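The following exercises examine one protein chain, each with a worked solution. Please consult the sequence and the structure while working through them.

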Amino acid sequence: MKQLFFLLILSSLATGAHAQQPAPKAPVELQAGRMQAQARPAPNRPDAPPQFPGGAQGLNAFFQQHLKYPEAASVKQISGDVLMTFTVEADGHLTNPSVVQPLSPECDTEALRVLGLMPAWKPATRKGQPVAVQVRLPIPFGNSQNLKVEQGKPKFE
C-alpha cells in the first residue's frame, strides 16, 4: 500500500512539473519607427564619440587635400560614397579598415589608401577613460555631397 501511495505521488509530481513549465516566448521583433529610447544608457556606450582633428571641417579639408578621384571612375562617371568602417583605438590610431558598401574597385582602393593617411583621432571616452570604438564613415567620390560621420559600436577587449 505504501508503494502504491508513493508511486501516485511521484506520478503526480512528474505531471505537475510539465504543467508548470512556461511556454517558450516568441522573439522580440524590432521594427523601424516603433523603437523606443532606452530608459538608461547601455553600460558600454561611450560618453563622447571619437573626433577627427578639426571636427567635420577638418575631415572635409583632409579629403579635399588627399582624396584623388580615380581616372577610371571619372571616365565611367561614377559618383557616390564608399562606406568604410574602422576602429578608432583608445590611443586614437585607426585600425581594421574595411569597405562595407563598395562603389567601384578603383574608388574602394582609393578610400582605403586615404584612410591609411589619416592622422590619429581624438578617441571616444567612457567615464573619462579613452575607449576603442568602431566608426562608419562614407568617403565621397565624384559629385557626392554627403559627408557624415556615423558612430559605431564600442569595441572592448
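**Exercise 1. State how much surface the chain exposes and which share of it carbon and sulfur atoms supply.**

Solution. The model is a predicted one, and its chain exposes about 11,400 Å². Carbon and sulfur atoms supply 55% of that area. Turning to the interior, buried residues make up 29% of the 157 residues.

**Exercise 2. Describe the order of helices and strands along the chain.**

Solution. Begin with the count: the chain has four helices and five strands. Next, read along the sequence, which gives the pattern α-α-α-β-β-α-β-β-β. Finally, consider the contacts with a separation of 6 or more: 69% of them involve residues 24 or more positions apart.

**Exercise 3. Determine which residues of α2 are buried and which are exposed.**

Solution. First, the dimensions. Helix α2 has 12 residues and reaches 17 Å from its first C-alpha to its last, close to the expected 16 Å. Second, the buried residues of this helix are Gly55, Gly58, Leu59, Phe62 and Phe63. Seen down the axis of α2, these buried residues fall within an arc of 140 degrees, so they line one face of the helix. As a general principle, an α-helix has 3.6 residues a turn, so residues three or four places apart point the same way. Third, Ala56, Gln57 and Gln64 are exposed on the other side of α2. Fourth, the buried residues of α2 pack against α4 and β4.

**Exercise 4. Identify the elements that contribute two or more residues to the largest nonpolar core.**

Solution. The largest nonpolar core has 21 residues. Those with the most contacts inside this core include Phe63, Phe86, Leu115 and Phe141. The elements giving two or more residues to the core are α2 (55-66), β1 (80-88), α4 (105-117) and β4 (129-141). Phenylalanine 141 can then be followed outward: setting aside neighbours within four places in sequence, its contacts include Leu67, Tyr69, Val82, Leu103 and Glu110. Glutamate 110 is located in helix α4. At 11% relative accessibility, this glutamate falls under the 20% cut-off, so glutamate 110 counts as buried. Not counting residues up to four places away in sequence, glutamate 110 touches His66, Leu67, Lys68, Pro70 and Phe141.

**Exercise 5. Classify the aromatic pairs that phenylalanine 52 forms with phenylalanine 62 and with tryptophan 121.**

Solution. The count comes to four aromatic pairs. In the pair of phenylalanine 52 and phenylalanine 62, the ring centres are 5.6 Å apart and the planes stand at 55 degrees, so the pair is tilted. Phenylalanine 52 lies in the loop between α1 (2-20) and α2, and phenylalanine 62 in helix α2, so this pair ties together parts 10 residues apart in sequence. Phenylalanine 52 is buried, with a relative accessible area of 6%, and phenylalanine 62 counts as buried at 8%. The pair of phenylalanine 52 and tryptophan 121 is edge-to-face, at 5.7 Å centre to centre and 85 degrees between the planes. This second pair links distant parts of the chain, 69 residues apart, with tryptophan 121 in the loop between α4 and β3 (124-126). Ring pairs link Phe52, Phe62, Phe63, Phe86 and Trp121 into a cluster.

**Exercise 6. Decide whether glutamine 77 is buried or exposed, and do likewise for asparagine 96.**

Solution. Glutamine 77, in the loop between α3 (71-75) and β1, has a positive phi near 55 degrees without being a glycine. At 68% relative accessibility, glutamine 77 counts as exposed. Asparagine 96, in strand β2 (residues 94-101), has a positive phi of about 55 degrees although it is not a glycine. With a relative accessible area of 47%, asparagine 96 is partly exposed.

Methods: Residues numbered from 1 in each chain as written. Predicted model: local features only at pLDDT ≥ 70, side-chain atom pairs only at ≥ 80, totals over all residues. Heavy atoms only, no water. Core = buried A, V, L, I, M, F, W, Y, C linked by side-chain atoms within 4.5 Å. Buried < 20%, exposed > 50% of the residue type's maximum accessible area, 1.4 Å probe, protein only. Contact = heavy atoms within 4.5 Å. Areas by Shrake-Rupley, 256 points an atom, 1.4 Å probe, with all protein chains shown as cover. Expected span 1.5 Å × (residues − 1). Arc of directions from axis to C-beta. Phe/Tyr/Trp six-rings, centres within 6.5 Å; stacked < 30°, edge-to-face > 60°.
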